[in-house]
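Here is a short report for a reader meeting this structure for the first time. Please look over the sequence and the model before reading on.

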Amino acid sequence: MYRFNGFTEKANKALNLAIESAEEMGHTYIGTEHVLLGLLKEQSGVAATVLSELSVTAEELEQIMRQKIGTGVRSVISMDDFTPRTKRILQIAVMEAARMGHNYVGTEHLLMALLEESDSYAMRFLEELGAKPEDIVKKINDALGSDREEEGVSGGYGMPGNAK
């Protein structure tokens, strides 16, 4: 299992599930679609909860990935096999967390970072599954708002590309 410093246990688990999913599908890279699948397979983070509320499932996403991208013979890949776009997603997640004053990167930050890349496979597949970016943002803000209000912290996410 790989360790991503500064990321929560749930975010670490999701990223490792992304790597594992890419290997199982016989892919030789880790793309945004694999990160999205990892977030869903993690099952207990903010991202998984939000996506579940929007009726997005790991099974449906995996089915679409198999249809649109295909599969191969099980592969062995590593962190070095993140695509440039996926590396950018990780950087955006770190920046989102810092912008919000968080000292950790959680699954919610990874999901918000995925929304920033509107022409990625992850976004195409989310839209195909009926999940709209604005609904995802609202649900993340709702989830964080209930946690953050208890802590006396304000703030939330705006739509991708908009400062808030």
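Over residues 148-164, pLDDT stays under 50. The model has 31 contacts beyond four places in sequence for this stretch. Where pLDDT is low, the predicted coordinates should not be read in detail. This is a predicted model. Its chain averages a pLDDT of 88, and 88% of the residues score at least 70.

**A helix pair**

Two packed helices are described by the angle between their axes and the distance between the axes. Take helix 3 (residues 46-53) and helix 6 (residues 107-116): their axes come within 6 Å and cross at roughly 60°. The two helices are therefore oblique to each other. Helix 3 makes the contact through Val 46, Ala 47, Val 50 and Leu 51. Helix 6 brings Thr 107, Glu 108 and Leu 111. By class, five of the contact residues are nonpolar, one is polar and one is charged.

Helix 3 has these buried residues: Val 46, Ala 47, Ala 48, Val 50 and Leu 51. Just after helix 3, Ser 55 takes a positive phi of about 65°.

**A buried valine**

Val 35 lies in helix 2 (residues 32-42). Is Val 35 buried or exposed? Its relative accessibility is 1%, so Val 35 counts as buried. Leaving aside neighbours within four places in sequence, Val 35 is in contact with Leu 15, Ala 18, Thr 86 and Leu 114. Leu 90 is 55 residues from Val 35 along the chain, and their C-alpha atoms are separated by 9.8 Å.

**Salt bridges**

Side chains of opposite charge can pair when their charged atoms come close. The structure holds twelve salt bridges. Three of them are listed here.

| Pair | N to O distance | Apart in sequence |
|---|---|---|
| Arg 74 and Glu 23 | 3.9 Å | 51 residues |
| Arg 85 and Glu 117 | 3.0 Å | 32 residues |
| Lys 138 and Asp 142 | 3.0 Å | four residues |

Arg 74 sits in the loop between helix 4 (58-68) and helix 5 (84-99), while Glu 23 belongs to helix 1 (residues 9-24). Arg 74 counts as exposed at 53% relative accessibility. Glu 23 is buried, with a relative accessible area of 14%.

Arg 85 lies in helix 5, and Glu 117 in the loop between helix 6 and helix 7 (121-128). Arg 85 is partly exposed at 24%. Glu 117 is buried at 10%.

Lys 138 and Asp 142 both lie in helix 8 (residues 133-151), about one turn apart. Asp 142 counts as partly exposed, at 44% relative accessibility.

A network of salt bridges links Glu 24, Lys 41, Glu 62 and Arg 66.

Methods: Residues are numbered from 1 along each chain as its sequence is written. This is a predicted model: local features need pLDDT of at least 70, side-chain atom pairs count only at pLDDT 80 or more; totals for chains, interfaces and linings use all residues. Side-chain values use heavy atoms; hydrogens and water are left out. Axes are lines fitted to C-alpha atoms, for helices over the stretch in contact, and angles run from 0 to 180 degrees between N-to-C directions. Angles under 35 degrees count as roughly parallel, over 145 as roughly antiparallel, 65 to 115 as roughly perpendicular and the rest as oblique. Contact means heavy atoms within 4.5 Å. Ala, Val, Leu, Ile, Met, Phe, Trp, Tyr, Cys and Pro count as nonpolar, Asp, Glu, Lys and Arg as charged, and the others, Gly among them, as polar. Buried means under 20% relative accessible area, exposed over 50%, partly exposed in between (1.4 Å probe, protein chains only). pLDDT is the predictor's confidence in each residue, from 0 to 100. A salt bridge is a side-chain nitrogen of Lys or Arg within 4 Å of a carboxyl oxygen of Asp or Glu.
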